[in-house]
Amino acid sequence: MNAHEPADEDVRAVVVRVAESRRYRAVDPAVVRRLASEELRRARGADDAVKRVKRRLHQAVGAYRPSAAGGAIHRDIERLTAASQGDPSGGELRAVCLDLLARHASTRERLPFLDRFYTTIWDAIGGAPASLIDLGCGLAPLALPWMKVRASADYHAIDADAAAIRLVDAFLSLIGQQHEAEARDLAGKIELPAVDVALLLKLVPIIDRQDPAASVRLLRSLAVRHAVVSFPARSLGGRARGMETTYRRRLDALLRDLDPRVQRVTEASVPNELVVVLTFRREHTADA
């Protein structure tokens, strides 16, 4: 074992202690293990390592969504089920979806533009996709009633938060959407299915806080024709603070690292969110 590599039992001990926290017990264990291994190399001891891991999890997960105990998720699923069965028009289900989307900081600020958010993206790629993967999805798949994606389209939802994935999986099953939903560590090494479109909505800044090289690694691993990458234009507190300028620089850096893979860049921004569609060259897509 490398002198700087923490012992397996030390990593497991930190993972167990972090999992005792109600706020982070639903995070994919692979994420917690990776962070524990990294932070034990820097920490002054086990207590310090636990604090460091929780701090990084807050940046990656906790700051953007409320904590959700199993009972709360169960109640949310019950609400969705009742709404879908009680109103054939779908109006009640959409109302519940909006309420749940409003709980998540990332999707809440998108709600005023939800009617045109996804249609603007699909227009940029020539129409709604037949298959897509939503990376770091959070609760965004609950916007499916506004996406205009066919029920036969393969929808792959992946997030580090197992509680969010449980809710998303139940919702997609409820509405009859062909799908897979799983909790995965997107900042680690990962194999992903070949699809038409990958959504990385506000994901890059989150992954950057864990590993600055992970976003490029993830984008290079995609077998897709289009990748939709977005950045927040405002802070969680609602202030711009030059964020668009900062994230345009980050986008430029991503494009330099991905060159020559990217054939075309199309902007599809909405207020509060910088959105770009990266079209990859055919030799890098699943149908090459």
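This report walks through some helix packing, buried residues and backbone details of a predicted model.

## Helix α2 and its partner α1

Let's start with helix α2, which covers residues 29–40. With twelve residues at 1.5 Å a residue, α2 should span 16 Å, and its end C-alpha atoms are indeed 16 Å apart, so expectation and model agree. The helix is mostly covered, with nine of its twelve residues buried. The buried set is made up of V31, V32, R34, L35, A36, S37, E38, E39 and L40.

Helix α1, residues 8–19, packs against α2 at an angle of about 120°, and the two axes are 9 Å apart. That angle makes α1 oblique to α2, because oblique is the class left over once angles under 35 degrees, over 145, and from 65 to 115 have been assigned. The crossing of the pair is right-handed. On the α1 side, the contact is made by D10, V11, V14, V15 and V18, while α2 brings V32, R33, A36, S37 and L40. Sorted by class, this contact of α1 with α2 has seven nonpolar, one polar and two charged residues.

## A closer look at S37

S37 is a handy residue to follow here, as it sits in helix α2 and takes part in the contact with α1. Its relative accessibility is 15%, so S37 counts as buried, the limit being under 20%. Setting aside residues up to four places away in sequence, S37 touches E5, P6 and V11. Of these, V11 is one of the α1 residues that make the contact with α2.

## Helices α10 and α11

Further along the chain, helix α10 (residues 214–221) meets helix α11 (residues 243–258). Their axes come within 10 Å and cross at roughly 50°, which means that α10 is oblique to α11. Here α10 passes α11 in a right-handed crossing. The residues in contact are S215, V216, L219 and R220 from α10, together with R250, L254, D257 and L258 from α11. By class, the contact of α10 with α11 counts four nonpolar, one polar and three charged residues.

Which residues of α10 are buried? They are A214, S215, V216, L218 and L219. Among these, S215, V216 and L219 also belong to the contact with α11. The cover over the buried residues of α10 includes the strands β1, β4 (197–201), β5 (226–232) and β7 (273–280), along with the helices α9 (204–210) and α11.

## Two buried residues: D76 and L142

D76 lies in helix α4, which runs over residues 70–86. With a relative accessible area of 6%, D76 falls under the 20% limit and is therefore buried. Beyond residues up to four places away in sequence, D76 touches L100, R103 and L167.

L142 belongs to a loop, the one between β1 (131–135) and β2 (154–159). Is L142 buried or exposed? L142 is buried, since its relative accessible area is 0%. Leaving aside neighbours within four places in sequence, L142 is in contact with C97, L100, L101, V168 and F171. L100 thus appears among the contacts of L142 and also among those of D76. For a sense of distance, the C-alpha atoms of L142 and R264 are separated by 29 Å, with their positions 122 residues apart along the chain.

## Backbone details worth checking

Most residues other than glycine have a negative phi, and most peptide bonds are trans. Against that background, three places deserve a look.

K148 has a positive phi of about 60° although it is not a glycine. K148 is found in the loop between β1 and β2, and its relative accessibility of 59% is over the 50% limit, so K148 counts as exposed. K202 likewise has a positive phi of about 60° without being a glycine. K202 lies in the loop between β4 and α9, and K202 is buried because its relative accessible area is 7%.

The third place is the peptide bond that joins D259 and P260, which is cis, with omega at about 10°. P260 is located in the loop between α11 and β6 (262–267).

Methods
Residues numbered from 1 in each chain as written. Predicted model: local features only at pLDDT ≥ 70, side-chain atom pairs only at ≥ 80, totals over all residues. Heavy atoms only, no water. Helix = DSSP H or I, 4+ residues; strand = E, 2+ residues; numbered from the N terminus. Expected span 1.5 Å × (residues − 1). Buried < 20%, exposed > 50% of the residue type's maximum accessible area, 1.4 Å probe, protein only. Axes fitted to C-alpha atoms, helices over the stretch in contact; angles between N-to-C directions. Left-handed = near helix turned anticlockwise from the far one by under 90°. Contact = heavy atoms within 4.5 Å. Nonpolar A, V, L, I, M, F, W, Y, C, P; charged D, E, K, R; others polar.
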